[in-house]
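Let us walk through this chain by question and answer. The structure comes first, then the terms, then the details.

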Amino acid sequence: LITHAHIHSVEPILDVRMSSEHGRAIGTIELGEEQWPVFAIDGDLNILASVPATRRACVQLKSEHGGIALLCDEVRVINNETLTMVPVPGCMGGEDGLMDSLAVMNGKVTCVLSAERLSLMLRSQTTVDAAPAASHAAGER
């Protein structure tokens, strides 16, 4: 999950200019005069080299480290009444962790990702395998 406050906009995948010129980004999307890198990642936060056929939306994320965009299968608003936010346990967090908190929804634990930390990870072109504090909570991701 990514909190609404970190999302700048949601655009159709057709607005993405596919290109291999930007490191591990699969392309760019224009915002004003800026070009934001667009990434396709899997459920384990590994950067993908190609776009899965199920990806339909491009979510632009705000970050003080620069804007990035993620290709997603779906984007939906989650009712806060069905969501319980809990802090990340000390063994799963830390300053280098990707998670802001955990969310319990319908009996499942889900990670709430930090757009700042996700942007740093993607821009540095690392994957979760190289990020020691990027542990996953039990349940879905």
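Contact here means heavy atoms within 4.5 Å. This is a predicted model, in which local features need pLDDT of at least 70, side-chain atom pairs count only at pLDDT 80 or more, and totals for chains, interfaces and linings use all residues. Residues are numbered from 1 along each chain as its sequence is written, and side-chain values use heavy atoms, with hydrogens and water left out.

Q: Among contacts between residues at least 6 apart in sequence, what share joins residues at least 24 apart?
A: Start with the contacts in the chain between residues at least 6 apart in sequence. Of these, the part joining residues at least 24 apart is 53%.

Q: Which pattern does the chain follow along the sequence?
A: Helices (H or I, at least four residues) and strands (E, at least two) are DSSP runs, numbered from the N terminus. The chain has 1 helix and 9 strands. Read in order, the pattern is β-β-β-β-β-β-β-β-β-α.

Q: Which element gives the most residues to the largest nonpolar core?
A: A nonpolar core is a set of buried Ala, Val, Leu, Ile, Met, Phe, Trp, Tyr and Cys residues joined through side-chain atoms within 4.5 Å. Buried means under 20% relative accessible area, exposed over 50%, partly exposed in between (1.4 Å probe, protein chains only). The largest core has 21 residues, with Phe 39 and Leu 122 among those with the most contacts inside it. S5, S6 (68-72), S8 (99-105), S9 (108-113) and H1 (115-123) each supply at least two residues, and the most, 4 residues, come from H1.

Q: Which residues is Leu 122 in contact with, leaving aside its neighbours within four places in sequence?
A: Set those sequence neighbours aside. Leu 122 then touches Phe 39, Ile 41, Ile 47, Ile 68 and Leu 70.

Q: Which residue in S6 stands opposite Val 38?
A: Two strands pair if DSSP finds at least two bridges between them. S4 runs antiparallel to S3 (residues 27-31), with 5 bridges, and parallel to S6, with 2 bridges. In S4, Val 38 stands opposite Gly 27. In S6, the residue opposite Val 38 is Ala 69.

Q: Is Pro 52 buried, exposed or partly exposed?
A: Pro 52 sits in the loop between S4 (34-39) and S5 (57-61). Its C-alpha is 9.3 Å from that of Asp 42, 10 residues apart in sequence. Because its relative accessibility is 25%, Pro 52 counts as partly exposed.
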